[in-house]
Structure formats: structure tokens, C-alpha cells
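Hi there,

Here is the structure I promised to pass along. Please have a look at it first, and then read my notes below.

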Amino acid sequence: MKKRKIPMRKCVACQENKPKKELIRIVRTPDGEISIDHSGKKSGRGAYICNSQTCFELAHRKKSLQNQLSTQIDDSIYEELKKQVSETRE
Ligand SMILES: [Zn+2]
């Protein structure tokens, strides 16, 4: 069996490199909408973040997501994302 290299991505909040599938992809779609990309296949500019409230709060405070996605992100969007994170958590 061929050994596969695990794709790693860096979390925008804590700056840690983690396997891509352990991270959440936030995407800015071409029409400027911010959403969680569960499939990992949405087009648009993406940012990766850990599946944790801590990292979302950190990203919120440091404005990491808007820097990465070069767009304004409203507090309400952060709240929405945080809510979705807690819901998707196993
Ligand atoms: Zn993180």
C-alpha cells in the first residue's frame, strides 16, 4: 500500500498546522458570502480554522478571518459560525 501524505493546513487563529480534515474551511464565495464549507469543495477564497470555540473567539479578536479572506466579517457572522461549530461538534 502506498503511503499517503496527509494534507496539512494552518489554522488562522492559533497558527498550528493540522490535518486538513480536522479543520473547518471557511469560504468567501465569489458573491461575497461567508460560510462554512463542509464539503471542502466550494469555490472562493478559503481560510482554515480548528473546530473549536476557542479558535473562533481568537480569530474574532484578532480579526484573522477577515485578514485571510480580505473582507469585512460582521460580528453576527462570527456568532453564526460559532453556533455552527458547536452544532457540528461530535
Ligand atoms: Zn486553531
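Below is what I found, beginning with the metal site and ending with a small loop contact. Please keep in mind that this is a predicted model.

**The zinc site**

The zinc ion is held by the SG atoms of Cys11, Cys14, Cys50 and Cys55, at 2.3 Å. The angles among the 4 donor atoms run from 104 to 115°, and the site is tetrahedral. For reference, the ideal angle for four tetrahedral donors is 109.5 degrees. If you want to find the donors in the sequence, look for the spacing C-x2-C-x35-C-x4-C. Cys11 sits in the loop between strand 1 (8-10) and strand 2 (17-19), while Cys50 belongs to strand 5, so this pair ties together parts that are 39 residues apart in sequence. Both Cys11 and Cys50 are buried.

**The nonpolar core**

One of those zinc donors, Cys11, turns up again here. The largest nonpolar core has 21 residues, and those touching the most other members are Cys11, Ile24, Ile26, Ile49, Phe56, Leu65 and Leu81. At least two residues of this core come from each of strand 3, strand 4, strand 5, helix 1 (53-62), helix 2 (64-69) and helix 3 (75-88). Strand 5 gives the largest share, with 4 residues. Ile49 is a good place to start looking: beyond residues up to four places away in sequence, it touches Cys11, Val12, Ala13, Leu23, Ile24, Ile26, Cys55, Phe56 and Ala59. Two of the zinc donors, Cys11 and Cys55, are on that list.

**Salt bridges**

How many salt bridges does the whole structure contain? The search finds 3.

- Asp37 and Arg25 meet through their side chains, at 2.6 Å from N to O. Asp37 is in strand 4 and Arg25 in strand 3, so the pair ties together parts that are 12 residues apart in sequence. Asp37 and Arg25 are both buried.
- Lys82 pairs with Glu79, with 3.7 Å between the closest N and O atoms. Both lie in helix 3, 3 residues apart, about one turn of the helix. Lys82 counts as buried because its relative accessible area is 10%, which is under 20%. Glu79 has 45% and is partly exposed.
- Glu80 pairs with Lys83, the closest N and O atoms being 3.5 Å apart. Glu80 and Lys83 also lie in helix 3, 3 residues apart, about one turn of the helix. Here Glu80 is partly exposed at 36% relative accessible area, and Lys83 is partly exposed at 44%.

**Two loops that meet**

Ser43 is in the loop between strand 4 (34-37) and strand 5 (45-50). Thr29 is in the loop between strand 3 (23-28) and strand 4. Their C-alpha atoms are 6.3 Å apart, although the two residues are separated by 14 places along the chain. Setting aside neighbours within four places in sequence, Ser43 is in contact with Val27, Arg28, Thr29 and Pro30.

Are Ser43 and Thr29 buried or exposed? Ser43 falls in between, because its relative accessibility of 49% makes it partly exposed. Thr29 is buried, at 14%. The Thr29 side chain also makes a polar contact of 2.5 Å with the side chain of Asp31.

Happy to talk any of this through when you have had a look.

Best wishes

Notes:
Residues numbered from 1 in each chain as written. Predicted model: local features only at pLDDT ≥ 70, side-chain atom pairs only at ≥ 80, totals over all residues. Heavy atoms only, no water. Buried < 20%, exposed > 50% of the residue type's maximum accessible area, 1.4 Å probe, protein only. Contact = heavy atoms within 4.5 Å. Polar contact = N/O pair within 3.5 Å; in protein donor to acceptor, adjacent residues only side chain to side chain. Core = buried A, V, L, I, M, F, W, Y, C linked by side-chain atoms within 4.5 Å. Salt bridge = Lys/Arg side-chain N within 4 Å of Asp/Glu carboxyl O. Donors = N, O, S within 2.8 Å, 3.2 Å for Na, K, Ca; no water. Tetrahedral: all angles 85-135°; square planar, octahedral: opposite > 155°, others 65-115°.
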